[in-house]
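Q: Hi! I'm new to this one, could you walk me through it?
A: Happy to, let's put it on screen.

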Amino acid sequence: MTKKQRQEQFISEKEVEHLAELAKLELSKKEFTKLRGELNEILGYFRLIDEVDTENVSPTYHVQDIVNVLRDDTPTPQQPDMLLEDAPQKKDRFIKAPKMI
Amino acid sequence: MAKQRILELPVWEAADKIRGQEITSEEYVAATLKRIREVEPDVHAYITLIEEPALTQAQAIDKKIRRGGDLGRLAGLPVAIKDNICVRGFTTTCASKMLENFVTPYDATVVERILGEDGVIIGKTNLDEFAMGTSTEYSYFGPTKNPWDTSKVPGGSSGGSAAAVSALEAAFALGSDTGGSVRSPASFCCIVGLKPTYGAVSRYGLVSYANSLEQIGPFARDVRSCALLTSVIAGYDARDSTSSDKFPADLVLKRSLPKLTIGVPREFFEEGVQEGVSKTVRDAISRLEKAGVKLSFEEISLPMLKYALPAYYIIAMSEASSNLARYDGIRYGYRVPDRTLDWGTVFSKDRGVGFGAEVRRRIMLGTYALSAGYFDQYYLKAQKIRTLLRREFDGAFKRFDLLLAPSMPILPFGLGEKMEDPLQLYMCDIETVPANLTGIPSLSVPCGVSEGLPVGMQLMAPPFREDLLFQAGRLVEDLLPVDRSAGEFTHA
């Protein structure tokens, strides 16, 4: 990696804010600045892969040769009460969600 | 037998003694709990202890033995479980504020299998938050310390599991390995750890971080015990759609081996590898050669290894950003107390507060790599490099039975030393990520000491040839024994 590549700014402050919005992460202004520096350094390192010629190479999303594993759609006993226990806000047997509109 | 002494028996031998009624499961579990009380203030391997239920289970197993019932293969020995694997009725925190209070309603398949073979679940162990890290310092509950030298990190992300086994706080443990998270702490804590072949062990009940890369893997203090736990947890499971039926049902470790040829890729000893580490592993190789055992070594080159680390991180972070999208604080997890806020704001606040800095970093980078305009350049390109890497490994395994590398490029480092430099910490994974990208099994075995700190040797095999790893691993531990009494908390 060249020094120039390391210093290159791959991602702007505005882009970091947009990413945080996409990823649904509320961050402070101070964190945005810190993250931007870290992200740029890490992305600079990732660009090492540009050196590799991948023309006509197909991607490996998965190392196995398994395709479309299907099962019968049969109900099995579940523990709804135990699941409800974990909901941070609820009313009776309902989970409370924030308002949509 | 003195109470603490039984903890120093090789675990497979302790299993035989429990089976032969020389010692009881209750004695062993009680001695382990006593040990935990003594060393935990210094080591901090556990997040949750399961004391009373463990003793009750041990008593029931002893009763079964006395009645002449069939004793399972784990014979009432205590197993520690990484806290990203579900044990019914206890919290699965993933060492995150997000899941601090999440009580798990079901058992992971590996936990069912352990209980089915009379293993006793003794506690849930510390990790880097959501298994993202190489030092177990990114835990919401504070770091685990290396029992060999408590001023050092234990490796990670399964540092709690490795430390528990190394410090005699458990007979065995389970971790998970996405990019080295079993092999790294096994190496740093001077024990044995396996990342099984992708698909060999069910991931049902493992909290997902990067599904296409990770496997649950066992820790033990010796190779034979590691093989025993592997044989218990491996095998087909319909509840994991990536589960395979190719793992041999009976993992037989033959007494007489065929001669094994081992390839030593030079890239694993080059850039970023400390001299003390490469020298110790190379010395180990020459000592094995001189011992005249049935192993032969040849240096080779796998040029694509140079690109494995960036390709791995791009893929892992992309999968992480997708997997961790599920944490919205609605059905479970951290939820901000303010009830007046709208949906989008609540999500962002829950996640901004619930996730730690490293998790947020990886979500952001993964989101970036998957976003429109950058997808081809990062994610797709990384997956193509994965194809090229696999081709190189396939080629190498046509010539060699095994490949060999150091487990970690550096010696166990000081607590806090790399906390503020994420990229430096990522670089610690250069030796381990190739096995995850290619899906092959890989074993870390202690092979020596450098500057008074343990060094691990990593052996890699073709898919579903864990038997070769264990056979070669036993030769390494027989011929190059490491004196555990040199460590701070690694002996009774």
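Q: Let's start with β7(B): how many of its six residues are buried?
A: Five of the six residues of β7(B) are buried, so the strand is mostly covered. Buried means under 20% relative accessible area, exposed over 50% and partly exposed in between, with a 1.4 Å probe and protein chains only. Strands are DSSP runs of E with at least two residues, helices are runs of H or I with at least four, and both are numbered from the N terminus.

Q: Anything I should know about the model itself?
A: This is a predicted model, where local features need pLDDT of at least 70, side-chain atom pairs count only at pLDDT 80 or more, and totals for chains, interfaces and linings use all residues. Residues are numbered from 1 along each chain as its sequence is written, chains are lettered from A and ligands numbered from 1 in the order in which they are written, and side-chain values use heavy atoms, with hydrogens and water left out.

Q: Back to β7(B). In which sense does it pair with β8(B)?
A: The two pair in the parallel sense, over six bridges; strands count as paired if DSSP finds at least two bridges between them. Leu260(B) stands opposite Leu295(B) in β8(B). The chain gets from β7(B) to β8(B) through helix α8 (residues 275-290) of chain B, in a right-handed β-α-β crossover. Right-handed means that, with the strands pointing away from the viewer, the path from the first strand over the helix to the second runs clockwise.

Q: And how many bridges does it share with β9(B)?
A: β7(B) and β9(B) have two bridges, again parallel. Gly263(B) has Leu403(B) in β9(B) as its bridge partner.

Q: What's the strand order in the whole sheet?
A: In chain B it goes β1-β3-β2-β4-β6-β5-β10-β11-β9-β7-β8, an open sheet of eleven strands with mixed pairing. The edge strands are β1 (46-49) and β8 (295-300) of chain B, each pairing on one side only.

Q: Which side of β4(B) is covered?
A: Both faces are: Phe172(B), Leu174(B) and Ser176(B) are buried on one side, and Ala173(B), Gly175(B) and Asp177(B) on the other. β4(B) pairs with β2(B) in the parallel sense over three bridges, and with β6(B) in the antiparallel sense over five. Ile81(B) has Leu174(B) as its bridge partner, while Ser176(B) stands opposite Ile216(B).

Q: Switching to helices, how many residues of α7(B) are buried?
A: Ten of the eleven residues in α7 (223-233) of chain B are buried, including Cys226(B) and Leu229(B).

Q: What caps its N-terminal end?
A: Asp222(B) does, with a side-chain oxygen 3.1 Å from the backbone nitrogen of Arg224(B). After α7(B) comes Gly235(B), with a positive phi near 130°.

Q: What about chain A: which residues of α2(A) are buried?
A: Val16(A), Leu19(A) and Ala20(A) are the buried residues of this helix, which spans residues 13-22. They lie on the same side of α2(A) because they cover an arc of only 100° around the axis; the arc is that of the directions from the helix axis to the C-beta atoms.

Q: What do they pack against?
A: Those buried residues pack against α3 (29-46) of chain A together with α11 (357-370) of chain B, where contact means heavy atoms within 4.5 Å. Lys24(A), with a positive phi near 50°, follows α2(A).

Notes
Polar contact = N/O pair within 3.5 Å; in protein donor to acceptor, adjacent residues only side chain to side chain.
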